[in-house]
Amino acid sequence: MKLKSTGRTKGELNLPLVYFMVTGTCILMVYVLYLAKQIPRIPCVFKTLTGYPCPTCGATRVIRSLFQFDIVSAFLRNPLLFLAGVVFIAWVFYGFYMLFSGKKVQVILTEKESRLLRWGVMILFFINWIYLAAAGV
Amino acid sequence: MNQDDYSEQLPSPPEETGSIPEPPKLIVPFEDPTKEFFTGLFETMKLVLFEPTRFFRDYKLDGSIGRPLLFAVMIGWTAATVSAMWGTVVNKSILSYLQERMPDLEGVDWERLASGGSSMDFAFTLILAPIFIVFGLFIIAGVYHLFLMIAKGANKNFETTFNVVAYGMVTRLAEFIPFCGSLIAWIYGLVLAIIGLAGAHKTDSGKAAFAVLAPVLLCCFCILMIFMMIGATGFMAVLNKSLR
């Protein structure tokens, strides 16, 4: 794996910050609903039909726990979703780095490393799913 | 003849601004008369969905609004039909199944959820969707352009903003996914609108984000105020009762 730092061209889109602003707005909207106690508990169709949780089961509870600043509980509700959130936050920080430094960093992976990453994510996905089923989330 | 007379006749030298001349804009495949109708449609859909930055930056979007409007109506109508179909057939049957299994589930208004998918609604959607799409496009484009002007980011005309909104309708295709399709369409639609306004108006993403997200935040603020007012009214009523 190699990291290559290059300068940003003027007017180049800062995608992490665009996603940050959109996600931030959505979170604010959900928080308004949360304050007004209007977040409905929508049941998972997959779980109802099969009896097993789907890979994203617990997402609403992760959000509820985060609004109550209960980080441990949020992690236990759905570890992979929580980790995805952490990766997203790191990506947003990278967006701020691009904004203030005027540089961007390219991650260059070899074919083998990309394959390893893809397999790693898939394995994590299934381990998380097994955990959700075992923990009865 | 002195030096000044010569200089008047000679063409003025190009200004040394240091900027590279802008390359000519490409024609949007759907607006290209040399392309077949459906080839152009699918190429445009693919470009907007998978290469939005390049599409909104490099393609000509400040022309007429006729073809983009047709594009938006076609996509929007298809999406509305699919969404209504999910509401009528799939969601309703799943919801009735869920209601059977979990009748006492806390916080779910089954009647309200199930009421969204009658056959009458489906027929109304088919007839009225194009009209609502056209009105909606003009209203959304107008709001975005107004906020872009407030942020001093409107470097192109209204047609550019309109075309960004119209081609951004392609995200409505996520309605094909039942249950969460509308949410995905809405979130990706916001992202595409920001990318589109920044690219087409040649403005920075902060101003584009302001134009797209400020109206949403304003709505959010209004909803919060309404809830606070309702809460305050309830509190006052309780206070009045206790004082008596």
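From the N terminus on, chain B runs α-α-α-α-α-α-α-α-α. That is nine helices and zero strands, where helices (H or I, at least four residues) and strands (E, at least two) are DSSP runs numbered from the N terminus. Before going on, some housekeeping. This is a predicted model, in which local features need pLDDT of at least 70, side-chain atom pairs count only at pLDDT 80 or more, and totals for chains, interfaces and linings use all residues. Residues are numbered from 1 along each chain as its sequence is written, and chains are lettered from A and ligands numbered from 1 in the order in which they are written.

I will stay with chain B for a moment. Of its 244 residues, 31% are buried. A residue is buried if 20 or more other C-beta atoms lie within 10 Å of its own, exposed if 12 or fewer, and partly exposed in between, with C-beta atoms placed from the backbone. Now the contacts: two residues are in contact if their C-beta atoms, placed from the backbone, lie within 7 Å. Among contacts in chain B between residues at least 6 apart in sequence, 72% join residues at least 24 apart.

Next, the core. How many residues does the largest nonpolar core have? It has 49, a nonpolar core being a set of buried Ala, Val, Leu, Ile, Met, Phe, Trp, Tyr and Cys residues joined through C-beta atoms within 7 Å. Those with the most contacts inside this core are Y144(B), V165(B), A193(B), I194(B), L197(B) and V212(B). Two or more residues each come from α1 (15-35) of chain A and, in chain B, from α2 (37-50), α3 (52-58), α4 (66-101), α6 (119-150), α7 (158-168), α8 (181-200) and α9 (205-243). Which helix gives the largest share? That is α8(B), with nine residues.

Take A193(B) as an example from the core. Leaving aside neighbours within four places in sequence, A193(B) touches Y144(B), V164(B), V165(B), G168(B) and V212(B).

A second residue to look at is A141(B), in helix α6 of chain B. A141(B) has 22 other C-beta atoms within 10 Å and is therefore buried. Its contacts, again without neighbours within four places in sequence, are F158(B), T161(B), F162(B) and V165(B). A141(B) and V165(B) are 24 residues apart along the chain, and their C-alpha atoms are separated by 6.2 Å.

Now set S83(B) beside that. S83(B) is placed in helix α4 of chain B. Why is S83(B) counted as buried? Because 24 other C-beta atoms lie within 10 Å. Beyond four places in sequence, S83(B) is in contact with E175(B) and S182(B). From S83(B) to L61(B), 22 residues away along the chain, the C-alpha separation is 29 Å.

On to helix packing. Two packed helices are described by the angle between their axes and the distance between the axes. Axes are lines fitted to C-alpha atoms, for helices over the stretch in contact, and angles run from 0 to 180 degrees between N-to-C directions.

The first pair is α8(B) and α9(B), which pack at an angle of about 130° with their axes 8 Å apart. The two are therefore oblique to each other; angles under 35 degrees count as roughly parallel, over 145 as roughly antiparallel, 65 to 115 as roughly perpendicular and the rest as oblique. Their crossing is right-handed, that is, the near helix is turned clockwise from the far one by less than a right angle, and anticlockwise would be left-handed. On the α8(B) side are L190(B), A193(B), I194(B), L197(B) and A198(B), meeting S205(B), A208(B), A209(B), A211(B) and V212(B) of α9(B). By class, this contact has nine nonpolar, one polar and no charged residues. Here Ala, Val, Leu, Ile, Met, Phe, Trp, Tyr, Cys and Pro count as nonpolar, Asp, Glu, Lys and Arg as charged, and the others, Gly among them, as polar.

The loop between α8 and α9 of chain B holds K202(B). Phi of K202(B) is near 55°, a positive value in a residue other than glycine. K202(B) counts as partly exposed because it has 14 C-beta neighbours inside 10 Å.

The other pair is in chain A. α1(A) and helix α5 (residues 79-101) pack at an angle of about 125°, with their axes 7 Å apart. So α1(A) is oblique to α5(A). The crossing of α1(A) and α5(A) is left-handed.
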